[in-house]
Amino acid sequence: LGTPDHSRAFATGVERAGDLPDDALFWGRVALNLLEAEEFAAGLAAADRAVALEPESVVYRTNRVVLLQRLGREDEARLEWDEVLRLDPNLKQENPE
């Protein structure tokens, strides 16, 4: 998972991740690696899993915002950003781009 090439290889199996750990940190790192590898759909799947495991995580939800933006899903990204701001109102000055 450490390089974009590893992430690309991993991306092919993210949808079949039933045997992989239920560890939000693991999935958050996978999402970031896949973002770096420009595997946005697979990255979003990993970010979704991280959020499902830790729904109150601002970090995992912010990663989800970026991935949604990269996929051109701006309306969903805005809704997710609203959730980030609900969880951490101090981020109101930040721009998710």
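Which residues of the largest nonpolar core touch the most other members? Ala46, Leu67 and Trp81 do, in a core of 23 residues. The legends below start from the whole chain and move to close-up views; the model is predicted.

**Figure 1. The whole chain is built from 5 helices and 0 strands.**
The order along the sequence is α-α-α-α-α. The chain has 97 residues, and 40% of them count as buried. Its accessible surface comes to about 5800 Å². Carbon and sulfur atoms account for 49% of that surface. Take the contacts between residues at least 6 apart in sequence: 51% of them join residues at least 24 apart. The structure also holds 7 salt bridges.

**Figure 2. The largest nonpolar core has 23 residues.**
Ala46, Leu67 and Trp81 touch the most other members. Two or more residues each come from helix H2 (24-36), H3, H4 and helix H5 (74-87). H3 gives the largest share, 7 residues. Leu67 can be followed outward from its own place in the chain. Leaving aside residues up to four places away in sequence, Leu67 touches Ala31, Leu35, Phe40, Gly43, Leu44 and Ala47. Of these partners, Ala31 and Leu35 are buried residues of H2. Phe40, Gly43, Leu44 and Ala47 are buried residues of H3.

**Figure 3. Helix H2 agrees with its expected span.**
H2 has 13 residues, which should span 18 Å at 1.5 Å a residue. The end C-alpha atoms are 18 Å apart, so the helix agrees with that value. The buried residues of H2 are Ala24, Trp27, Gly28, Val30, Ala31, Asn33, Leu34 and Leu35. At the start of H2, a side-chain oxygen of Asp23 comes to within 3.0 Å of the backbone nitrogen of Leu25. Just after H2, Glu38 has a positive phi of about 60 degrees.

**Figure 4. Helix H3 reaches 20 Å from its first C-alpha to its last.**
H3 has 14 residues, and its reach is close to the 20 Å expected at 1.5 Å a residue. Buried in H3 are Phe40, Ala42, Gly43, Leu44, Ala46, Ala47, Ala50 and Val51. Leu44 of this group can be paired with Val66, 22 residues away along the chain. The C-alpha atoms of Val66 and Leu44 are separated by 9.1 Å. Val66 belongs to helix H4. Val66 counts as buried because its relative accessibility is 16%, and the cut-off is under 20%.

**Figure 5. Ser57 sits in the loop between helix H3 (40-53) and helix H4 (58-70).**
Is Ser57 buried or exposed? Ser57 is buried, because its relative accessible area of 11% falls under the 20% cut-off. The side chain of Ser57 also reaches the backbone nitrogen of Val59, at 3.4 Å.

**Figure 6. Asp22 and Arg49 form a salt bridge.**
The closest N and O atoms are 2.7 Å apart. The pair links distant parts of the chain, 27 residues apart. Asp22 lies in the loop between helix H1 (4-11) and H2, and Arg49 lies in helix H3. Asp22 is exposed, because its relative accessible area of 59% is over the 50% cut-off.

**Figure 7. Glu80 and Arg61 form a salt bridge between buried residues.**
The closest N and O atoms of Glu80 and Arg61 are 2.6 Å apart. This pair too links distant parts of the chain: Glu80 is in helix H5, Arg61 is in helix H4, and 19 residues separate them. Glu80 counts as buried at 8% relative accessibility. Arg61 is buried as well, with a relative accessible area of 12%. Both values are under the 20% cut-off, which is why both residues count as buried. A network of salt bridges links Asp48, Arg61, Arg64 and Glu80.

**Figure 8. Arg73 and Glu76 meet through their side chains in a salt bridge.**
The N to O distance is 2.7 Å. Arg73 is partly exposed, with a relative accessible area of 33%. Glu76 counts as partly exposed at 35% relative accessibility. Both values lie between the 20% and 50% cut-offs, so neither residue counts as buried or exposed.

Methods
Residues are numbered from 1 along each chain as its sequence is written. This is a predicted model: local features need pLDDT of at least 70, side-chain atom pairs count only at pLDDT 80 or more; totals for chains, interfaces and linings use all residues. Side-chain values use heavy atoms; hydrogens and water are left out. Helices (H or I, at least four residues) and strands (E, at least two) are DSSP runs, numbered from the N terminus. Buried means under 20% relative accessible area, exposed over 50%, partly exposed in between (1.4 Å probe, protein chains only). A polar contact is a pair of N or O atoms within 3.5 Å; within protein, one must be able to donate a hydrogen and the other to accept it, and residues adjacent in sequence count only if both atoms are side-chain atoms. Contact means heavy atoms within 4.5 Å. Accessible areas come from the Shrake-Rupley method with a 1.4 Å probe; for residues, only the protein chains shown count as cover. A nonpolar core is a set of buried Ala, Val, Leu, Ile, Met, Phe, Trp, Tyr and Cys residues joined through side-chain atoms within 4.5 Å. The expected span of a helix is 1.5 Å times one less than its number of residues. A salt bridge is a side-chain nitrogen of Lys or Arg within 4 Å of a carboxyl oxygen of Asp or Glu.
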